[in-house]
Amino acid sequence: MQMLLTSLLLLSGTAFMLIAAIGMVRLPDVFCRAHALTKAITIGLSLLLLALWCHRGDQLTGFKVLLAIAFQFLTVPVAGHLFGLLAYQKNVPRWKPRRRE
């Protein structure tokens with residue numbers, strides 16, 4: 001059961017990381033890319049760290065994993081917001097959808 005849960009967490013975390021990578025390539029401007037990156041990376045890394053905790057199974061690893069997840073949720077979204085703010089202040093052009101006629 002432990003290996004099944006570990007595998008499920010690893011696959012889910014990897015899927016979120018893949019979604020973040022696809023978002024970085026496919027989305028049109030810095031604001032959309034920052035949004036996709038911060039959301040998916042935060043969740044993906046958290047799931048991968050939980051998989052590590054599930055695989056190792058001891059309390060010290062659990063404490064370190066929970067501490068790393070807490071720092072992830074505090075720093076990654078703030079960094080994404082700062083990138084967006086800097087792009088806004090530097091007047092980086094935004095994506096404009098094409099009009100269909």
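**Note on a predicted three-helix chain**

1. Asp29 counts as buried, because its relative accessibility is 8% and the cut-off for buried is under 20%. Asp29 sits in the loop between α1 and α2. Its C-alpha atom is 5.9 Å from that of Arg94, although 65 residues separate Asp29 and Arg94 in sequence. This is a predicted model, and every value in this note is computed from it.

2. What does the chain consist of, counted in helices and strands? There are 3 helices and 0 strands. In sequence order the pattern reads α-α-α. Helix α1 covers residues 2-26 and helix α2 covers residues 30-56, while helix α3 covers residues 59-89.

3. The overall dimensions come next. Along the principal axes, the C-alpha atoms occupy a box of roughly 55 × 30 × 15 Å. The radius of gyration of the chain is 17 Å, whereas a compact globule of 101 residues would have one near 13 Å. As for burial, 25% of the 101 residues count as buried.

4. Two packed helices are described by the angle between their axes and by the distance between those axes. For α1 and α2, the angle is about 165° and the axes are 8 Å apart. The cut-off for roughly antiparallel is over 145 degrees, and α1 and α2 are therefore roughly antiparallel to each other. Their crossing is left-handed. The contact of α1 with α2 holds 20 nonpolar residues, 8 polar ones and 1 charged one.

5. At what angle do α2 and α3 cross, and within what distance do their axes come? The crossing is at roughly 175°, and the axes come within 9 Å. This angle makes α2 roughly antiparallel to α3. Sorted by class, the residues of the contact of α2 with α3 are 17 nonpolar, 8 polar and 1 charged.

6. Leu8 is a residue of helix α1. Is Leu8 buried or exposed? Leu8 counts as exposed, because its relative accessibility is 53% and the cut-off for exposed is over 50%. In space, the C-alpha atoms of Leu8 and Ala51 are 8.2 Å apart, and in sequence the two residues are 43 residues apart.

7. Leu27 belongs to the loop between α1 and α2, as does Asp29. Leu27 counts as partly exposed, because its relative accessibility is 28%. Where Asp29 and Arg94 have 5.9 Å between their C-alpha atoms, the C-alpha atoms of Leu27 and Gly62 are separated by 35 Å. Along the chain, Leu27 and Gly62 are 35 residues apart; the 35 here is a count of residues, and the 35 Å is a distance in space.

8. Asn91 is in the segment after α3. What is notable about its phi is the sign: Asn91 is not a glycine, yet its phi is positive, at about 55°. Asn91 counts as exposed, because its relative accessible area is 64%.

9. How many disulfides does a search of the whole structure find? The search finds 0. A disulfide is a covalent bond between the sulfur atoms of two cysteines. Cys32 and Cys54 can still be described by their accessibility. Cys32 counts as partly exposed, because its value is 30%, whereas Cys54 counts as buried, because its value is 14%.

10. To sum up, the predicted chain has 3 helices and 0 strands. Helix α2 is roughly antiparallel to α1 and also roughly antiparallel to α3. Among the residues discussed, Asp29 is buried, Leu27 is partly exposed, and Asn91 is exposed.

How values were computed. Residues are numbered from 1 along each chain as its sequence is written. This is a predicted model: local features need pLDDT of at least 70, side-chain atom pairs count only at pLDDT 80 or more; totals for chains, interfaces and linings use all residues. Side-chain values use heavy atoms; hydrogens and water are left out. A disulfide is a pair of cysteine sulfur atoms within 2.5 Å. Buried means under 20% relative accessible area, exposed over 50%, partly exposed in between (1.4 Å probe, protein chains only). Axes are lines fitted to C-alpha atoms, for helices over the stretch in contact, and angles run from 0 to 180 degrees between N-to-C directions. Helices (H or I, at least four residues) and strands (E, at least two) are DSSP runs, numbered from the N terminus. Angles under 35 degrees count as roughly parallel, over 145 as roughly antiparallel, 65 to 115 as roughly perpendicular and the rest as oblique. A crossing is left-handed if the near helix is turned anticlockwise from the far one by less than a right angle, and right-handed if clockwise. Ala, Val, Leu, Ile, Met, Phe, Trp, Tyr, Cys and Pro count as nonpolar, Asp, Glu, Lys and Arg as charged, and the others, Gly among them, as polar. The radius of gyration is taken over C-alpha atoms; the globule rule is 2.2 Å times the number of residues to the power 0.38.
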